[in-house]
Amino acid sequence: MKKNTALKILNPVMGLLVINQAITGMLSESIPHEAFEILHEGGGPVLVAAVALHVFLNWNWIRATYLKKGQGQGQG
Ligand code: HEM
């Protein structure tokens with residue numbers, strides 16, 4: 001799969017995971033404990049893995065923009 005295709009799928013999924021994490025975190029006292037375990041405690045590590053994959057897939061941009069000395073911004 002091409003990087004851009006993978007990111008087109010990964011990015012919205014990651015957005016939903018972030019929203020899920022924030023909402024279930026804030027509502028932890030109000031939702032059933034089993035739901036919290038599945039959604040928050042289960043979704044948390046999935047979100048961390050998604051962020052790691054997102055950074056990996058964008059590594060060329062990160063390197064060009066932040067890690068190459070004396071060349072200013074990369075190619076966007
Ligand atoms: C927007 C991000 C997040 C918010 C607002 C948030 C909020 C919270 C809150 C309020 C609790 C306490 C719930 C309670 O004791 O009633 C909690 C517990 C927990 N969170 Fe998050 N959280 C976030 C991200 C994450 C992530 C990224 C992970 C995992 C990688 C995670 C894993 C857990 C776990 C395992 C617990 C249970 C801890 C325990 O049993 O003492 N959370 N979170």
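Trainee: Which ligand atom lies 3.4 Å from a polar side-chain atom of glutamine 21?

Mentor: A polar contact is a pair of N or O atoms within 3.5 Å, and within protein one must be able to donate a hydrogen and the other to accept it, while residues adjacent in sequence count only if both atoms are side-chain atoms. Here the partner of glutamine 21, 3.4 Å from a polar atom of its side chain, is a nitrogen atom of the ligand. Serine 28 has a polar side-chain atom 3.1 Å from an oxygen atom of the ligand, and for histidine 40 the distance to a ligand nitrogen is 2.8 Å. Please keep in mind that this is a predicted model, in which local features need pLDDT of at least 70 and side-chain atom pairs count only at pLDDT 80 or more, whereas totals for chains, interfaces and linings use all residues. Residues are numbered from 1 along each chain as its sequence is written, and side-chain values use heavy atoms, with hydrogens and water left out.

Trainee: Which residue is the donor from the protein to the iron atom of the ligand?

Mentor: Donors are N, O and S atoms within 2.8 Å of the metal (3.2 Å for Na, K and Ca), and water is not among the atoms, so sites may look incomplete. In this model the iron has a single protein donor, NE2 of His40, at 2.0 Å, and histidine 40 belongs to helix H2.

Trainee: Which helix gives the most residues to the shell around the ligand?

Mentor: A residue is near a molecule if one of its heavy atoms lies within 4 Å of it, and helices are DSSP runs (H or I, at least four residues) numbered from the N terminus. Helix H1 (3–26) and helix H2 (33–57) each supply at least two residues of the shell, and H2 gives the most, with six. Among the residues around the ligand are Ala22, Glu29, Phe36 and Val48.

Trainee: Which residues form the largest nonpolar core?

Mentor: Such a core is a set of buried Ala, Val, Leu, Ile, Met, Phe, Trp, Tyr and Cys residues joined through side-chain atoms within 4.5 Å, where buried means under 20% relative accessible area (1.4 Å probe, protein chains only). The largest one has eight residues, namely Ala6, Leu7, Leu10, Met14, Leu17, Leu47, Ala50 and Leu57. H1 provides the largest share of this core, five residues.

Trainee: Why does threonine 65 count as buried?

Mentor: Threonine 65 counts as buried because its relative accessibility is 16%. This residue sits in helix H3 (residues 59–67), and its side chain reaches the backbone oxygen of tryptophan 61 at 2.8 Å.

Technical notes:
Buried means under 20% relative accessible area, exposed over 50%, partly exposed in between (1.4 Å probe, protein chains only).
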